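Please examine the structure shown below before reading on. The report that follows concerns contacts between side chains and between helices.

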Amino acid sequence: MVSPISLANMEYALYGNTSCLGSLTVPSMVNNYCTVSPYANSFNPYLMNPYMPSMYNPAVMNPQAISAQQAITQQASQGDIDKIANYYEKASENSETLMGAAIGGAAFGLFNNPRLIAHPFNSIKSLGKVEEMFKDIKVAGKNAHKLWNNPETQELMREAYSMMHKIESRNNKKLGWVRQSYIKNPEDYKALEPWIKQLKEGINSGDAKQVENAVAHLKAGYTNNGIISKAMGSVKRFLGFSTKPNTVSEALKNEEIVKGAKAEIAQKVGKPSFMKALKRGGGVKGGIFFMGIELFMAIPNIKAAFSKDNKTGWKQVGQSTVKGAGNAISWAAGEALGVWGATKLCAAAGSAIAPGVGTVIGAVAGLISGSIACWLTGKATNKLVGKDVGEKVKLEQMKKSPEGQVQLLQLTAQNKNIPADVQQSMMNVANQYGMVA
């Protein structure tokens, strides 16, 4: 229900630059339809000389009536504030949806591969050469087809496809902040060519060991030699820290780097399993990261809880710790489940899934599954330990001060499909502060 809009109130919103929460159709500072002239106040009947009565100014005409109305509004406002606060508390609990969690995981996958965002044209342009190299995957009887359709080597083939896509993308022009183009550094590409040749031979001959060895060396040689990377390397060397090589030749001669790459690629060979995906450590590292995010985001709630008393403060610390641990465990398990599921799916579908599509599925499936697992765990931990007591303390603090009540109005107004009774309470409180025309 929307309060009636009078001509006087419209003038007040237009010339007085007041905020209008009730309706964006009323001229006000909310929709940038109000005067900014320094002479605006001279036209505002609400700001006219009180000794010059105006037909628009009810305060001048009947000040006693206005005082009585304000008293009634203030008495009724506490119930309105409580209703708004209760609605906002419930709405904030259900702010994230399952689809939102899934989309968030997919977006996280893009940020894990920033080159796709920074150089989308290069990524698309390089697909042709990579698809040509893996074209026999769809031809029954070919060795490439056998490697792709074999559950024990299917993930290895997807890793080979991904690695070649990265390399071919760097054969185009780049900004060079993180990694420079091979056009600018042709000697780097020449150092990779023997391993690219070995990869092609391994795919054509069906030699999985040869493919594994070639992919491991290509991974080891995929160095960061951009402007930022070199600058950070110089700082590390100055401070006495070890740095990674900037050139492909140096990286391929580094036994530690090559050994690490071989160990990582070796994990992608063999039948897919949940425990195997879990042991890789990607999910574990991600879980620790998300636990840290949970604890960092809980700092304002912890401060608010301790501002009430120590008992409430330590309760909030316990709640945040349980939720953070839940995030860590659920992300690790969810990510492993997604990786295992994607590998099983791609292996079962075989050549029915194009190499590029299968590679993308494998890259984001774990992140999406991990995000969904965190979302589900968040629901469970909220029921287990309850809503953060710090949130309740902050809500009570907002209800007690005019500034906090205005903030509560603004936060609640961001929700969609607000019930009519809550909208009316919002209008009542906003009217009390002169925020609604």
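This report treats salt bridges, one helix pair, an aromatic pair and the surroundings of one serine.

**Salt bridges**

The model discussed here is predicted. Side chains of opposite charge can pair when their charged atoms come close. In this structure, 8 salt bridges are present. The table presents some of them, with the distance between nitrogen and oxygen.

| Salt bridge | Distance, N to O |
|---|---|
| Asp82 and Lys399 | 3.0 Å |
| Glu159 and Lys268 | 3.8 Å |
| Glu264 and Lys219 | 3.4 Å |

The salt bridge in the table's top row joins the side chains of Asp82 and Lys399. Asp82 belongs to helix α3 (residues 63-93) and Lys399 to helix α20 (residues 389-400), so that distant parts of the chain, 317 residues apart, are linked. Are these two partners buried or exposed? Asp82 has a relative accessibility of 25% and therefore counts as partly exposed. Lys399, by contrast, counts as buried because its relative accessibility is 13%, and the limit for a buried residue is under 20%.

The salt bridge between Glu159 and Lys268 has its closest N and O atoms 3.8 Å apart. This pair, too, links distant parts of the chain: Glu159 is in helix α9 (residues 154-169), while Lys268 is in the loop between α14 (255-266) and α15 (274-279), with their positions 109 residues apart in sequence. Both Glu159 and Lys268 are buried.

For Glu264 and Lys219, the closest N and O atoms are 3.4 Å apart. Glu264 is part of helix α14 and Lys219 is part of helix α11 (residues 208-220), so the salt bridge ties together parts that are 45 residues apart in sequence. Glu264 counts as partly exposed, at 37% relative accessibility. Lys219 is also partly exposed, with a relative accessible area of 24%.

Some salt bridges share partners, and in this way Asp82, Glu396 and Lys399 are joined into one network.

**Helices α18 and α20**

Two packed helices are described by the angle between their axes and the distance between the axes. How do helix α18 (residues 310-349) and helix α20 cross, and within what distance do their axes come? The axes come within 8 Å and cross at roughly 130°. Because of this angle, α18 is oblique to α20. On the α18 side, the residues that meet α20 are Thr312, Lys315, Gln316 and Gln319. Their counterparts in α20 are Val389, Gly390, Glu391 and Val393. By class, this contact of α18 with α20 consists of 2 nonpolar, 4 polar and 2 charged residues.

**An aromatic pair**

The count of aromatic pairs comes to 3. One of them is formed by Phe306 and Trp314 and is edge-to-face. A pair of aromatic rings is described by the distance of the centres and the angle of the planes. For Phe306 and Trp314, the centres are 5.4 Å apart and the planes form an angle of 85°. Phe306 is partly exposed, with a relative accessible area of 30%, whereas Trp314 is exposed, with a relative accessible area of 59%.

**The surroundings of Ser181**

Where is Ser181 found? Ser181 lies in the loop between α9 and α10 (186-205). Its relative accessible area is 6%, and Ser181 is therefore buried. When residues up to four places away in sequence are not counted, Ser181 touches Arg170, Asn171, Asn172, Lys173 and Lys174.

How values were computed: Residues numbered from 1 in each chain as written. Predicted model: local features only at pLDDT ≥ 70, side-chain atom pairs only at ≥ 80, totals over all residues. Heavy atoms only, no water. Salt bridge = Lys/Arg side-chain N within 4 Å of Asp/Glu carboxyl O. Helix = DSSP H or I, 4+ residues; strand = E, 2+ residues; numbered from the N terminus. Buried < 20%, exposed > 50% of the residue type's maximum accessible area, 1.4 Å probe, protein only. Axes fitted to C-alpha atoms, helices over the stretch in contact; angles between N-to-C directions. Parallel < 35°, antiparallel > 145°, perpendicular 65-115°, else oblique. Contact = heavy atoms within 4.5 Å. Nonpolar A, V, L, I, M, F, W, Y, C, P; charged D, E, K, R; others polar. Phe/Tyr/Trp six-rings, centres within 6.5 Å; stacked < 30°, edge-to-face > 60°.
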